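Reader: I have a structure open on my screen and would like a friendly walk through it. Could you take me around?

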Amino acid sequence: MMNCKQTTRLLSDAQERELTLKERIAVKLHISMCSGCRNFGSQMPSLRQIARAYAKSDTGDARQSSDEPRS
Amino acid sequence: MNKTDACASNLEPDALPPLADPVYLQELRAQMLKFAVLQLGDKSLAEEAVQEALMGALKNVHSFVRRAALKTWVFAILRNKIIDILRRRQRLVEASRLLGDDDSNEAADALFDGRGHWLAEERPGAWSQPAEEARSQQFWRVFEACLNGLPETQSRVFMMREFLELESDEICQAEQISVSNLHVILHRARLRLRDCLENNWFLEGERG
């Protein structure tokens, strides 16, 4: 049985590659019993979405100011 | 007539070179600036690095028809400039940290016990409406602070992947790391970033 560290690694990897059947089963088994890893798994797509939204956010630092001299 | 001319004439005539499209250029520049500010923590240094990287790209404006290729290339230049600046500043203990060799004392390991299970206080909780939260100014300040709290390699690689949306092989090439190395770095970055967001926003964060 995988521990949480190994499970989170696979849940992170799932954002990068397709997991093998064996890996998917191992993850499913683990998260059926572990709420921490279950939450971690559901937050992986959120984290990606947040980082992408950051690109479009208006955070002040990188604001496109119109008073900037054009070069 | 040389070969380049022949190639160029095969292009769709109305396809603007990416850097000649002011809207695209502005977006790209804003994205680069955010990336550079995060890495350098200094806006004027960041602007300088972005400017230099864009100037480099403008010299080769016609060699980039595909926007994705241009973006990868421009960010590779920017990344090198950022690393140069960081090295010059000697803010970093040693160069190896830049290259992802910071295996020791990995803070992400501190989330687990000796058998690799969550420590009780580090166990991820449920987030409420992460997409909704992601829109407030205050949230972005927390997000930036959390990113800045990561080791530099981790934040850079994470941002290359999730913010710039570069493909794995592009990042591996830019950082000179293997795919499995990349996955280790991303795993650690996600563990820590998630933990930081949860502690500073999703559990405590009262929107004030």
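Author: Gladly, and one term comes first: a residue is buried if 20 or more other C-beta atoms lie within 10 Å of its own, exposed if 12 or fewer, and partly exposed in between, with C-beta atoms placed from the backbone. This is a predicted model, where local features need pLDDT of at least 70, side-chain atom pairs count only at pLDDT 80 or more, and totals for chains, interfaces and linings use all residues. Residues are numbered from 1 along each chain as its sequence is written, while chains are lettered from A and ligands numbered from 1 in the order in which they are written.

Reader: Which residues of α2(B) are buried, and which residue follows α2(B)?

Author: Helices are DSSP runs (H or I, at least four residues), numbered from the N terminus. In α2(B), the buried residues include B:Leu28, B:Met32, B:Phe35 and B:Ala36, and also B:Gln31 and B:Lys34. After α2(B) comes a residue with a positive phi, near 65 degrees: B:Gly41.

Reader: What span does α2(B) reach from its first C-alpha to its last?

Author: α2(B) has 19 residues, and 27 Å is expected at 1.5 Å a residue. The expected span is 1.5 Å times one less than the number of residues. The span from first C-alpha to last is close to that, at 26 Å.

Reader: Which element gives the largest share of the largest nonpolar core?

Author: A nonpolar core is a set of buried Ala, Val, Leu, Ile, Met, Phe, Trp, Tyr and Cys residues joined through C-beta atoms within 7 Å. This one has 44 residues, and B:Met32, B:Ala36 and B:Leu78 touch the most other members. Its largest share is nine residues, from α10(B).

Reader: Which residues is B:Leu78 in contact with, leaving aside its neighbours within four places in sequence?

Author: Two residues are in contact if their C-beta atoms, placed from the backbone, lie within 7 Å. On that basis B:Leu78 is in contact with B:Met32, B:Phe35, B:Ala36, B:Ala49, B:Val50 and B:Ala53.

Reader: How are α3(A) and α10(B) placed relative to each other?

Author: A:Phe40, A:Gln43, A:Met44 and A:Leu47 in α3(A) meet B:Arg190, B:Leu193 and B:Arg194 in α10(B). The axes, lines fitted to C-alpha atoms over the stretch in contact, are 11 Å apart at about 95 degrees, on a scale from 0 to 180 degrees between N-to-C directions. Angles under 35 degrees count as roughly parallel, over 145 as roughly antiparallel, 65 to 115 as roughly perpendicular and the rest as oblique. The two helices are therefore roughly perpendicular.
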